[in-house]
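Dear colleague,

Please find below the structure that I am handing over to you. I would be grateful if you would look through it before reading the notes that come after it.

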Amino acid sequence: MRILGIESSCDETAVAIVDGDRQILSNQVLSQITEHEEYGGVVPEIAARSHLSHIDRLVKKAMTEAKIDFRDLNGIAATAGPGLIGGVLVGMMTAKGLSIATGLPFIAINHMEGHALTPRLTGTLDFPYLALLISGGHSQFVSITGISKYSILGTSIDDAVGEAFDKTAKLLDLDFPGGPALEKRAKSGDPTRFALPRPMLGRPNCDLSFSGLKTAVRNVVEKHKGHLDNEAISDLAASFQNAVADCLIDRCNKAVEDFRSIHPTGNTFVIGGGVAANEYIRKKLKNCVNDLGLRFVAPPINLCGDNGAMIAWAGIERLRLGLINKLDFPARPRWPLDAPHSGAHS
Ligand code: KG4
Ligand code: ZN
């Protein structure tokens, strides 16, 4: 089994080929960072046009690197949402076009499903497991009992974690993209210097919240009238990151409790999404999860952020179950992971 996967829901144009033995034959990821940098955020129109300019070349490059032609493939998978709709359309229409031209089945993938299943690509992992997905658009705890069997235990009631990192980095005048820049800056900072809030601590559900934390950072910046010295910026970055980790740890405790009440035999906790690349957060979460007696699984750093391999792998998982999609499958800007995988299966 061999699948070509396309991802284009945000600012990475990505194409990969993965086989059923979990070999990544090619993983092409083209970042658009330099195109969005001057705007301090991803501009949807620029993103869509850029995907369009590069996607055909990346498909060719992936096929060449994998040393295969289309007859060696079993299906074409693409992100069908959630994400920036112009970009999603570019990737999905490319996949549908390839499907028509080759006769290979088309498989529509929920982007968050790609993140959620990545640990099954990179290692042995049986269902059920608990996933914490932390990206630029989502923060959620998901109980996963099988393909398309996703139950959201808790979610952010406002900003996603990655969004909070990006907005806070902007307040601190750090480079774009903000998440990695803030992590780098925090390495030389004192995480205890600024007393920032820990939203949602001790709440009886598994929801998360990060906008108050970002506002607290803004208040510190405004109090200093924007004149924070280098040391203070590093300390504020470290204090913010530490507060995020504390919030996630508290919420993990609750999510594990809820997960165990539904699945007493479940023994694995996985993380995924761009923020899962943050080493400080990975370490803190690992300690917390191990203390709770669960196995902690994090994908390698290069498979935390958006990539085509996770989409190809989700395609393999779905194709194995016969879950292919018709060519009228819609592109969806919003698509909760626990909503039905609509568009009838052919
Ligand atoms: O999963 P992803 O690549 O795209 C979405 O699905 O949104 O996640 C991107 C998010 C961005 O907000 C980015 O700043 C954040 O992940 N991110 C990080 C780090 N690397 C990426 N946040 C904190 N620390 C990092 N090292
Ligand atoms: Zn993502």
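The notes below begin with the chain as a whole and then turn to individual residues.

Please bear in mind that this is a predicted model.

Overall form

The protein chain contains 10 helices and 10 strands. Its C-alpha trace extends over about 60 × 50 × 30 Å along the principal axes. For 346 residues, a compact globule would be expected to have a radius of gyration near 20 Å, and the value for the protein chain is 20 Å, so the two agree.

Two further figures concern the interior. Of the 346 residues, 55% count as buried. Among contacts between residues at least 6 apart in sequence, 72% link residues at least 24 apart.

As for the surface, the protein chain exposes about 14400 Å², of which carbon and sulfur atoms supply 51%. The chain carries 36 positive and 38 negative charges, and the mean positions of these two groups lie 3 Å apart.

Cis peptide bonds

Two peptide bonds deserve your attention when you inspect the backbone. The bond from Gly81 to Pro82 is cis, with omega near -15°. Pro82 is located in the loop that runs between strand S4 (75-81) and helix H3 (85-102).

A cis peptide bond also joins Phe127 and Pro128, where omega is about -5°. Here the proline, Pro128, sits in the loop between helix H4 (111-122) and strand S6 (129-134).

Positive phi angles

Which residues have a positive phi although they are not glycines? Arg22 is one of them, with a phi of about 70°. Arg22 belongs to the loop between strand S2 (12-19) and strand S3 (24-31). Its relative accessible area is 33%, and Arg22 is therefore classed as partly exposed, since that class lies between 20% and 50%.

Met200 also has a positive phi, of about 75°, without being a glycine. This residue lies in the loop between helix H6 (178-186) and helix H7 (211-223). Is Met200 buried or exposed? Met200 has a relative accessible area of 9% and is therefore buried, because the cut-off for that class is under 20%.

In short, the backbone features to look up are the cis bonds before Pro82 and Pro128, together with the positive phi angles of Arg22 and Met200.

With kind regards

Terms used. Residues numbered from 1 in each chain as written. Chains lettered and ligands numbered in written order. Predicted model: local features only at pLDDT ≥ 70, side-chain atom pairs only at ≥ 80, totals over all residues. Heavy atoms only, no water. Helix = DSSP H or I, 4+ residues; strand = E, 2+ residues; numbered from the N terminus. Buried < 20%, exposed > 50% of the residue type's maximum accessible area, 1.4 Å probe, protein only. Rg over C-alpha atoms; globule rule 2.2 N^0.38 Å. Contact = heavy atoms within 4.5 Å. Areas by Shrake-Rupley, 256 points an atom, 1.4 Å probe, with all protein chains shown as cover. Lys, Arg positive; Asp, Glu negative; His and termini not counted. Charge placed at Lys NZ, Arg CZ, Asp CG, Glu CD.
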